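Biologist: Before any label is accepted, I should like each one set against its definition. Please show the model first.

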Amino acid sequence: MKLNFDNPYAKLGDAFSAKMSPRPLPNPRMVSINRLGADLIGLDPDALSSDAALQFFSGAEMIDGADPLAMVYAGHQFGGYSPRLGDGRGLLLGQVRGAEDKLWDLHLKGAGPTPFCRGADGRAVLRSSIREYLASEALHHLGIPTTRALCLIGSDEPVMREKLETAAGLIRLSESHVRFGTFEYFSYTDQHDQLKQLADYVLEIHYPDLASDPSPYDRMLMEVAGRTAEMIAQWQAFGFAHGVMNTDNMSILGQTFDYGPYGFMESFDPGYICNHSDPGGRYAFNQQPNIGLWNCLALAHALKPLILPGTIEHMRGYYQTRFFERYHGLMNGKLGLGDVQDGDPELVDRLLTLMEDHRLDYTIFFRGLSDPASRAAQNTTAFKDWYAAYDTRLALEQTTPEQRLHSMQARNPKYILRNYLVQTAIEQAEQGDFAEVDRLLILLQNPFDDQPDMQAYAAEPPDWGRHLEVSCSS
Ligand code: AMP
Ligand code: MG
């Protein structure tokens, strides 16, 4: 197996990472492959099923050009600062040039203990590896910026969490593994030369258009904040809750990063907490936009040695503008409305309040909004009043009903990764059957299309699947 390695991160030097080999996953088995991921890195998807691929991706044998390393970083976790985190169980195997010369990090999550593992076992359980594998691809196909996934490797190594589980490996693809927390680490250890070196690296690789700006670091911060705001606007519009928005889980590219106890909104509840380890709801669904800003402010503080004093206040306003523009635009799109006009945000807010009062399934309601039968089902006075206001607003649009239906179906997914769906796939995988993982992977590649054989996957969860608890344990 050959990959076109080019490892600029490894060249930054010892301050940035610890070079080391993975601890191979025992008795590895390639249990799911994402052919679309292979395309990204210029690999023949069939090569993923080869023994050479299994040996490499399970950590047993490095191939030419790989230069594995654990990255160092810090981060604010649930509001408190952890001065030294780093990849405790993941390794950047190398960076690969793929289609259009784009650079992709190949990251093995579950690669064994590293110098940053803080006494933990360095492994990832099968359960959480499946959760990340499926969710990252699901978000991508909803159009939300995210890391991607290449393949999932099973193993028979026992690992202890709340109960005994087995270890697995996930090969994550990302344009970058630089986190807000990477900057925080160098800033708060007063390594300001390395802080600048890291910022220059990010500019050169990821924001080349800003590199020649007179204030490149200020521009970079603004762009990161803008992208983060828009990513979170998309989370809100699709009902996605990340669950652990610590600054070490925030990507410098504004992409959804490090999937743990995430959840998709089912019955609409703005205060939805998907993470059982977050009883206070710091990362509740309706807190995400504010927490995104809080995290950008943490990044801004880390960048203080490089930026102008006024930039932080500018960033605050810029984040809010980018968030609201994107959010209102997306919500208008869900309603089949074009440009946002006065009163549109209020119309959306009224609808969300009704959905909360009636405990409506977020995805099913929006998908059915263009369908007269589903309208007839909401026959309370409050809903009838809302529909009257909606019809008045729709009358201002120039589009035909057919155009509107088409556009609404392209914006309101039919299929999302419901918690019970991923749970079912996990339970079967734990018995050695990965067919359901593959089925969900394929289903979620076309979340907006009606897939006649897959109607059951668009339904509300069964009772047992409504209140599944997922925690930080992984
Ligand atoms: P996460 O909650 O997955 O974002 O992890 C937070 C930090 O803890 C990261 O630095 C991880 O690398 C580290 N970590 C989590 N689980 C383990 C584990 N089983 N072994 C070693 N490090 C871990
Ligand atoms: Mg993390």
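The exchange below takes up the model and the terms used for it.

Modeller: This is a predicted model, in which local features need pLDDT of at least 70, side-chain atom pairs count only at pLDDT 80 or more, and totals for chains, interfaces and linings use all residues. Residues are numbered from 1 along each chain as its sequence is written, chains are lettered from A and ligands numbered from 1 in the order in which they are written, and side-chain values use heavy atoms, with hydrogens and water left out.

Biologist: What makes Asn249 and Asp258 donors of the magnesium ion (ligand 2)?

Modeller: A donor is an N, O or S atom within 2.8 Å of the metal (3.2 Å for Na, K and Ca). Asn249 (OD1) and Asp258 (OD) lie 1.8 to 2.2 Å from the magnesium ion (ligand 2), and they are its protein donors. Water is not among the atoms, so sites may look incomplete.

Biologist: Why is Asn249 called buried?

Modeller: Buried means under 20% relative accessible area, exposed over 50%, and partly exposed in between (1.4 Å probe, protein chains only). Asn249 has 9%, so it counts as buried. Asp258, with 16%, is therefore buried as well.

Biologist: How do you know that the chain is as compact as a globular protein of its length?

Modeller: The chain contains 15 helices and 12 strands, these being DSSP runs numbered from the N terminus (helices H or I, at least four residues; strands E, at least two). Its radius of gyration is 23 Å, close to the 23 Å that the globule rule gives for 474 residues, so the chain is as compact as a globular protein of that length. The radius is taken over C-alpha atoms, and the rule is 2.2 Å times the number of residues to the power 0.38. Buried residues make up 58% of the 474 residues.

Biologist: What is notable about the phi of Asn27, and why is Asn27 called exposed?

Modeller: Most residues other than glycine have a negative phi. Asn27 is not a glycine, yet its phi is positive, at about 45°. Asn27 sits in the loop between β1 (17-19) and β2 (29-33). Its relative accessibility is 58%, so Asn27 counts as exposed.

Biologist: Why is Phe78 called partly exposed?

Modeller: Its relative accessible area is 33%, so Phe78 falls in the partly exposed class. Phe78 is not a glycine either, and has a positive phi of about 50°. The loop that holds Phe78 runs between β4 (75-77) and β5 (80-82).
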